[in-house]
Amino acid sequence: KIDKLNKTILKCKKCPRLVNFVKKISTEKRKQNINETYWGKPVTGFGSINAKILIIGLAPAAHGGTRTGRAFTGDKSGDFLFRCLHKAKISNQPYSISLHDNLKLNSTFITNILKCVPPEDKPKSEELNNCSKYFDIEISNLRKLQTIIALGKVAFDNCAKFYKKKYGLIVKLKFIHGKSYLLPGNIKLVACYHPSPRNVNTKLISEKMMVNLFKKAKQQSVN
């Protein structure tokens, strides 16, 4: 089912603004990637279908996922993320550089709420609505899912909004790093600072903090 979903996502043209922006990035490129062929399409989720942990971001990065075709791959946020995932024994290697680098995730799935990069990282509500159907199918396919780790406040808020819309959730969920909330379906939502260079450089998040958060999520998802 995930394969079928991914084929649909790759062909998706529901949001003209995003389709045009992805095309623009992929043709104009960035100086250091000028000789590369950009993926230039929506970016699907990846990982284990038997995942107990789901890691979500808001959207692929312009010169990360949109270039490489894999979420959190090919940018500094992803470099930091995969070093931490490897230390927490969630990934088999400390890096994610391309679709063909033999990366394996241990009982974990990684995706973005929005499958295309929005201009200035600011999606419009109709774009999020268009994409929420895909996010819904991803979650319903992860039958063993116990924990969702949201990277960054925007991803956290949008995940909460998705659950409110789907289940009429009325509890106010506040973004506090490391705090977890119980969602319908007995799934835990954990808030985590985004592994962006700004957060890392200002020491808002450190490798130790992130590794500890992943280890804790893993321990709680053992049974």
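Select strands β2 and β4 first: they pair in the parallel sense over 4 bridges. The model on display is a predicted one, and this tour proceeds from the central strands outwards to the rings.

**Stop 1: the β2–β4 pairing**

With both strands still selected, display the side chains of I56 and A150. I56 stands opposite A150, which belongs to β4. Next, find I53; its bridge partner in β4 is T147. Strands of a sheet pair through backbone hydrogen bonds, either parallel or antiparallel.

**Stop 2: the faces of β2**

Colour residues 53–57, which make up strand β2. How many of the residues of β2 are buried? The count is 5 of 5, and the strand is described as mostly covered. In a regular strand the side chains alternate between the two faces of the sheet. On one side of β2, select I53, I55 and G57; on the other, select L54 and I56. Every one of these residues is buried, and both faces of β2 are thus covered.

**Stop 3: strand β3**

Now add residues 108–112, strand β3, which pairs with β2 in the parallel sense over 5 bridges. Two positions are useful for following this pairing. I55 stands opposite I110 of β3, and G57 has N112 as its bridge partner in β3.

Turn the view to see the two sides of β3. T108, I110 and N112 point one way, whereas F109 and T111 point the other way, and all are buried. Because 5 of the 5 residues of β3 are buried, the strand is largely enclosed by the rest of the structure.

**Stop 4: the whole sheet**

Select all the strands of the sheet. In what order do the 6 strands stand? The order is β1-β3-β2-β4-β6-β5, in an open sheet with mixed pairing. The edges are formed by β1 (46–47) and β5 (180–183); each has a single partner strand, so one side of each is left without a neighbour in the sheet.

Zoom in on the edge at β1. This strand and β3 run antiparallel and are joined by 2 bridges. F46 stands opposite I110 in β3. While F46 is displayed, show R70 as well: R70 lies over the face of F46, at 5.2 Å from the ring centre. A similar selection can be made with W39 and K41, where K41 lies over the face of W39 at 4.3 Å from the ring centre.

**Stop 5: T147**

Return to β4, residues 147–151, and select T147 within it. Is T147 buried or exposed? T147 counts as buried, since its relative accessibility is 1%, and the cut-off for a buried residue is under 20%. Display S221 next to it: a polar contact of 3.1 Å joins the side chains of T147 and S221.

To see the surroundings of T147, leave aside its neighbours within four places in sequence. The residues then in contact with T147 include K52, I53 and L54, together with I187, K188 and V190. A217 and S221 are also among its contacts.

**Stop 6: helix α6 and its rings**

Select helix α6, which lies across β2, β4, β5 and β6 (187–192). Relative to β4, the helix runs at about 135°.

Then display the aromatic side chains. A search of the whole structure finds 6 aromatic pairs. One of these is formed by F135 and F162, an edge-to-face pair with 5.1 Å from centre to centre and 65° between the planes. This pair links distant parts of the chain: F135 lies in helix α5 (residues 125–141) and F162 in helix α6 (residues 153–167), 27 residues apart. Both F135 and F162 are buried.

Move to Y163 and Y167. Their ring centres lie 5.6 Å apart and their planes are at 15°, so the pair is stacked. Both residues belong to helix α6 and are 4 residues apart, about one turn of the helix. Y163 is buried, with a relative accessible area of 2%, whereas Y167 is partly exposed, with a relative accessible area of 44%.

To finish, show F135, F162, Y163 and Y167 together: ring pairs link these four residues into a cluster.

Conventions. Residues numbered from 1 in each chain as written. Predicted model: local features only at pLDDT ≥ 70, side-chain atom pairs only at ≥ 80, totals over all residues. Heavy atoms only, no water. Phe/Tyr/Trp six-rings, centres within 6.5 Å; stacked < 30°, edge-to-face > 60°. Buried < 20%, exposed > 50% of the residue type's maximum accessible area, 1.4 Å probe, protein only. Lys NZ or Arg CZ within 6 Å of the ring centre and 35° of its normal. Polar contact = N/O pair within 3.5 Å; in protein donor to acceptor, adjacent residues only side chain to side chain. Contact = heavy atoms within 4.5 Å. Pairing = 2+ DSSP bridges. Axes fitted to C-alpha atoms, helices over the stretch in contact; angles between N-to-C directions.
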